[in-house]
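Below are my notes on the annotated site, set out as numbered points. Please read them with the model open.

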Amino acid sequence: MKKILLVHGPNLNLLGKRDKNHYGDLTLDKLVELVRSDALKYDIEIESFQSNHEGALVDFLQEKTKEAVGVIINPGALTHYSYALYDALVDTGLPCVEVHLSDVENREEWRKILVTAPACIAKISGKKELGYIEGLSLLIERLERLNNLDSNF
Ligand code: DQA
């Protein structure tokens, strides 16, 4: 089975307890479950990782690149300032999609700065958990076009 990496950055382990207006009701476990069950429709395996530490996210991407065909990432606040994570995403050589649960472009000024998104083929924000479903389908479309997937679905 082909594998997509589902990566979450700082504070996203607290989903379910964070501001529900911005981030929705789901815990991280429930969110991962949702993406995983959607991915099964495409015969895709999801490997999920969350860390509050920038370096751990970079290490994970470096270690797992060889096993995966794509990345879905919500870098949390790192999206606004992490050049290291931008580089790590580019260096995977894989199509990456960035997802934000909240509408980052219509919140504080500093959240409008998106450092990691340009490393990605798409950025989806403000759709809560549905953004991940959309992100997965965009990624699948791209992979099919790259012929990185069996296209019998
Ligand atoms: C977030 C948006 C970021 O600005 C914030 O720091 C997060 C979550 C989102 O999913 O909306 O932690 O990435």
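Leaving aside residues up to four places away in sequence, which residues does His100 touch?

1. The model is a predicted one. In it, His100 touches Asn74, Pro75, Gly76, Thr79, Leu114, Lys123, Ile124, Ser125, Gly126 and Lys127, with residues up to four places away in sequence left out of the list.

2. His100 lies in strand 4, which covers residues 96–100. His100 has a relative accessible area of 4%. The cut-off for buried is under 20%, so His100 counts as buried.

3. The interest in His100 comes from the record: an unreviewed UniProt entry lists Tyr23 and His100 under "active site". The two span 78 residues in sequence, but their C-alpha atoms are no more than 8.5 Å apart, so they gather at one spot. Both Tyr23 and His100 are included in the lining of the largest pocket.

4. Tyr23 is placed in helix 1, residues 20–23. Its relative accessible area is 11%; by the under 20% cut-off, Tyr23 is therefore buried as well.

5. As for the surroundings of Tyr23, its contacts are Leu15, Arg18, Leu101, Ser102, Arg107, Arg111 and Lys128, again without residues up to four places away in sequence. With one of these, Arg18, there is a polar contact between side chains, at 3.5 Å.

6. To sum up the site: Tyr23 in helix 1 and His100 in strand 4 are the residues that the unreviewed entry lists, and the lining of the largest pocket includes them.

Definitions and conventions: Residues numbered from 1 in each chain as written. Predicted model: local features only at pLDDT ≥ 70, side-chain atom pairs only at ≥ 80, totals over all residues. Heavy atoms only, no water. UniProt positions renumbered as here; feature names shortened; annotations may be inferred. 1 Å grid on protein atoms, 1.4 Å probe; cavity = no way out; pocket = protein on both sides within 12 Å on 5 of 7 lines; lining within 4 Å. Helix = DSSP H or I, 4+ residues; strand = E, 2+ residues; numbered from the N terminus. Buried < 20%, exposed > 50% of the residue type's maximum accessible area, 1.4 Å probe, protein only. Contact = heavy atoms within 4.5 Å. Polar contact = N/O pair within 3.5 Å; in protein donor to acceptor, adjacent residues only side chain to side chain.
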